[in-house]
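Here is a walk through one model, going from cysteines to charges to surface patches. Have the viewer open while you read.

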Amino acid sequence: MQLKGLVKFFTAALILISLYQLSFTFVARNVESKARKQAVKAAHAANPEAGKEQLDSLAEVNYEAITDSLQGEVVYKIPLVKDFTYMDVKSQELNLGLDLQGGMNVTLEVSLDELVRSMSNNPKDARLSKAIDDANKAKANSQADFVTLFGQQFMQANPGAKLAYLFTKPSDKEITLNSTNEQVIAKIQKEAKDAIVRTHKVLLTRIDKFGVANPNVNLDANKGIITVELAGVRNPDRVRTYLQATASLEFYVVAKDAAVVEAFQKADAALESYLASGNKKIDTTAATVANDSAAVAVATPDSGAAAKDTSLASMMNNSNATAAADTNTKGKNPLLSLVAPVQGGGGELFFISKRDVKKFEEYMKLDVVKSKIPSKIKICIGVDQSTRKDPNGVLPVYALTTTVDGGARLDGSAIERAYADMDQLKGGWEIVMTMNNTGSNIWKKMTGENVGRQVAVVLDDRVYSAPNIISEISGGITSITGGFTAQQAQDLANILNTGKLPAPANIVQEQVVGPTLGAEAVDSGMNSLLISFIVIFLLMLVYYNTGGIVANISLVLNVLFTIGILAGLGATLTMPGIAGLVLGIGMAVDTNVIIFERIKEELAGGASYEEAVKKGYYNSLAPVLDGHVTILITSIILFIFGLGPVLGFATTQIISILLSLFCGILVSRLVTDIYMRRGRHFKYFTGLSKSIFRKAHFNFIGARKVAYGISIVVLLAGVASFFNGFNYGVEFDGGRSYTIKFEEKLNTEKVRDVLHNTFGEYPVVKTIGQDNHLNITTAYLIKKPGKEVEAEVATKLLEGLKAGNFIPATTTMQEFTTKYVQSSQTVLPTISDDLKMGAIEATILSLLAIFVYILLRFRKWQYSVGTIVALLHDVAVTLAVFSFFKGMVPFALEIDQHFIAAVLTVIGFSMNDTVIVFDRIREYFRKNPGEGKQSVINRAINDTLSRTIMTSLTVFLSVLILFIFGGEVTRGFAFAMLIGVITGTYSSIFVAAPVLVDMDRKDTLSAEVDKEARIEELKKMA
């Protein structure tokens, strides 16, 4: 009675808690629906003649203004509890992931190469630079961390050399000249781990100021990876800049003299010889050829007149710009042909076309070039100060005077506060900075000593401004200008206020989902959830009569509790999470199916209703627990190894499995007992369930050799699939993927051929979802991270699509990203390798964990072997289908994280079926120790056949509904699950159990069980 009381209490408590948590979501949606209607109405009233796009844009602005005004307004009152404002409600609603409302998911990798360089006493040391470069190259094909690789590369290139000579500093007492290489590496490792944690903290502070509700930020300290999910953001470029800015603020005096120009001439000659000797270490694929911009003619902002000469190379060689371009095609003046001289008296060294910046910076990184530049000179490129950011414009290049150690005399550590303000003299926005006392004193001395010269304000190695010093500046106040918008100025102020990143964080994977695609995903997800619920609800009534009411009560509570707990935990519901809910509906009734089938057996054997219910629940407990534990094992492993959206699926799955035990065993027994105490009984038979599988006597064991033959063919097909190959998703192959909505259906081969001319390589182009939706994946510039590269690839894609007349030639980049691009994803090779390795490790670990569990549970290795053979069979079928049927079905069959989630789920589900059969085999061995082995196993399979088919059917129907109605995001997952459910059912019946016959030549299974049964009898007698 105490247990029943606890079950009542927890059931009532969970119902109230779930309804309480979900009420915030309903209130928030209601308030926002009214605000949306009001915003649309106001947009029409303000501009009734406007077109749809303009009205939608205006309505969005109105909507944001309305919701902003509601932040502090009470919108929800719970008597005797609290009055909740709109802000309170929003903070407690069920969060929707970016795939359901649009937004951006970013994976950042903390870059440690600059940290290692900063720790050295000689950052420009050639051996140090080579070891860092080699470590970065090795990292692409290694699972080791960067610092370990750095140490290996240094010692390999410099046998016997001591790292201590490069890392000993007077301020650092931990490293001395006597320190071993291992001790130095250990110190760097310690600093690296600390830098990763501090970088995470700085990013958290930044994101808090970004203005996104419920951002999701996770740190994997061991891998140095930070995952950020910002649902609802509409400006990916802003996010990239905001997250990747290191906020390294420095102040330098500008240097401009003949010695620097002469140094560039020498560097140019050295580079020319270097390239002529056949060195190919420079990657210039990201830049246009030099003669595209060798004749750039520019005017300085000060002169206001058009320049009349051309390139610096041309000027120095007394030839015209055309000659410079022509000679450069033969390898002449590779460095100087990229730049143009300054006409006038500005502090700029020269100017460079934006298109040639990447090539210039690659050249400047080469030791052959760096060695010619004076040690106290730093070369930096300026930013575009204009408000109209012309992609074909030019940028200034500055030579800056550094300290002896190559650093800045004053840096961002001196800044106490930064804020955005209007520039009262020039107009536009600027960032005003105030310094602490130490910074103020250095700034005063620095400006006083350099009156008449320029001082450069440098942020993240870009010169934002270089004002002339008219007189000494006291008070510690300065500013940054750069043609900022109000939002850009505020973002930069926030970045400076949160501080410099201890180590740069580079985006290695990103996914952008547009709001339209998110809305479609919500509709498809909710449709699949609702239809699945109705189908399973009706199936329980049709097959189990009034007993199905108990199963449906458990089902309703399971769904309610799962969503309520997700809301209470502050979890984010994603499309894979909805897939987990749909799959959970199919699995939620599994517990009741096992129990009901057992009750039906007891009733068929002549037991009374009370006795049948009692024995049914008691005898079902072990197989129910075993089945759920196996699925739980694979779900936990998926949670550990999964990234991004897959985590949502794993989280939902784990919660649903645990609640299935509570609702399916305890709550359903409580409902049954309450009903029985009134002298009534649930009926468990219908006309259908009385006849189907009730008198099954199939000779499964007799047909095992035929099944073995089929399984061998399947396993060979699985092995052959690795030779036939797979279509890997962008997550595992690396690349940039764009889902684009066109005005009409396009020929994928034609799009592919046109884009080949644009990218210089063939992209992967496939139809996704609707006929006019194409997914385009390219590896163009994938080894070059950075927000500039993202923009460059998108520009190339736009140019290619316009060249093929697939979209209007007048389409701007803004229109392209907002109207045509529905979603995009970027995965760099380093993270794709990690994901591949994680997928392999997760699959192997799942198989090992299940092998060990079955061995512990059944205490016989034969059961474990039968299990693994069946699971390998299931995985082989799935792999074979995805390999040999790729391109043959009208949807994508890709190996990605969703596929791995499906495989692990299939493994758990297949084990659920297999364990039920194994439990019945062991039970029959105990009851009938003298019965033949083949007879026992055959009878066990036949007696559990109804349960096996019903469980498979409920899951199959749920997954089929998800496949049909769930949308493109989960279609590949659902298809893999459909295959897995069919093969899992087959392998449980025809593979796992029959294997026991051939693996148990000495009849040890029945002998061991017979021994256990006698011990139990003796215990009862005692």
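A disulfide here is a pair of cysteine sulfur atoms within 2.5 Å. Searching the whole structure with that cut-off turns up zero disulfides. Two of the cysteines are worth a look anyway: C380 is buried, with a relative accessible area of 2%, and C663 is buried at 1% relative accessibility. Buried means under 20% relative accessible area, exposed means over 50%, and partly exposed is in between (1.4 Å probe, protein chains only).

Before going further, some ground rules. This is a predicted model, where local features need pLDDT of at least 70 and side-chain atom pairs count only at pLDDT 80 or more, while totals for chains, interfaces and linings use all residues. Residues are numbered from 1 along each chain as its sequence is written, and side-chain values use heavy atoms, with hydrogens and water left out.

**Salt bridges**

Side chains of opposite charge can pair when their charged atoms come close. The working criterion is a side-chain nitrogen of Lys or Arg within 4 Å of a carboxyl oxygen of Asp or Glu. By that test the structure holds 31 salt bridges. Three of them are set out below.

| Salt bridge | N to O distance |
|---|---|
| D673 and K4 | 3.0 Å |
| E191 and K187 | 3.2 Å |
| R947 and D913 | 2.8 Å |

Take D673 and K4, whose side chains meet at 3.0 Å. This pair links distant parts of the chain, with D673 in helix α23 and K4 in helix α1 (residues 2-46), 669 residues apart. Helices (H or I, at least four residues) and strands (E, at least two) are DSSP runs, numbered from the N terminus. On the accessibility side, D673 counts as buried at 10%, whereas K4 is partly exposed at 28%.

The E191 and K187 bridge is a local affair. Both sit in helix α9 (residues 181-208), and because they are four residues apart there, about one helical turn separates them. E191 is partly exposed at 24% relative accessibility, while K187 is buried at 10%.

Then there is R947 with D913, at 2.8 Å from N to O. Here too the pair links distant parts of the chain: R947 belongs to helix α34 (residues 945-965) and D913 to helix α32 (residues 897-927), 34 residues apart. R947 and D913 are both buried. Elsewhere, R29, E32, K90 and E93 are joined into one network by salt bridges that share partners.

**Backbone oddities and a long-range contact**

Most residues other than glycine have a negative phi, and most peptide bonds are trans. Which way does phi go at N333, positive or negative? It is positive, about 50 degrees, although N333 is not a glycine. N333 is found in the loop between α13 (321-328) and β8 (339-341), and it is buried, with a relative accessible area of 13%. D460 also has a positive phi, near 50 degrees, and is likewise a residue other than glycine. Its loop runs between β15 (455-459) and β16 (462-465), and D460 is partly exposed at 26% relative accessible area.

For a contact across the sequence, try I495, which lies in helix α17 (residues 486-498). The C-alpha atoms of I495 and A247 are separated by 6.3 Å, although the two residues are 248 apart along the chain. I495 is buried, with a relative accessible area of 4%.

**Surface patches**

Patches are made of residues with over 30% relative accessible area and no salt bridge; like charges are joined within 9 Å, and nonpolar side chains (Val, Leu, Ile, Met, Phe, Trp, Tyr) within 5 Å. Areas come from the Shrake-Rupley method with a 1.4 Å probe, and for residues only the protein chains shown count as cover.

Which residues make the nonpolar surface patch of about 490 Å²? They are L530, I534, L538, L541, I549 and I553. Helices α18 (515-544) and α19 (547-568) each supply at least two residues of it, with α18 giving the largest share, four residues. L530 sits in α18 and is exposed, with a relative accessible area of 52%.

The other patch is one of positive charge, where K8, R677, R678 and R680 gather on the surface. Lys and Arg count as positive and Asp and Glu as negative, while His and the chain ends are not counted. The place of a charge is taken as NZ of Lys, CZ of Arg, CG of Asp or CD of Glu. R677 lies in the loop between α23 (645-676) and α24 (687-691), and R677 is exposed at 54% relative accessible area.
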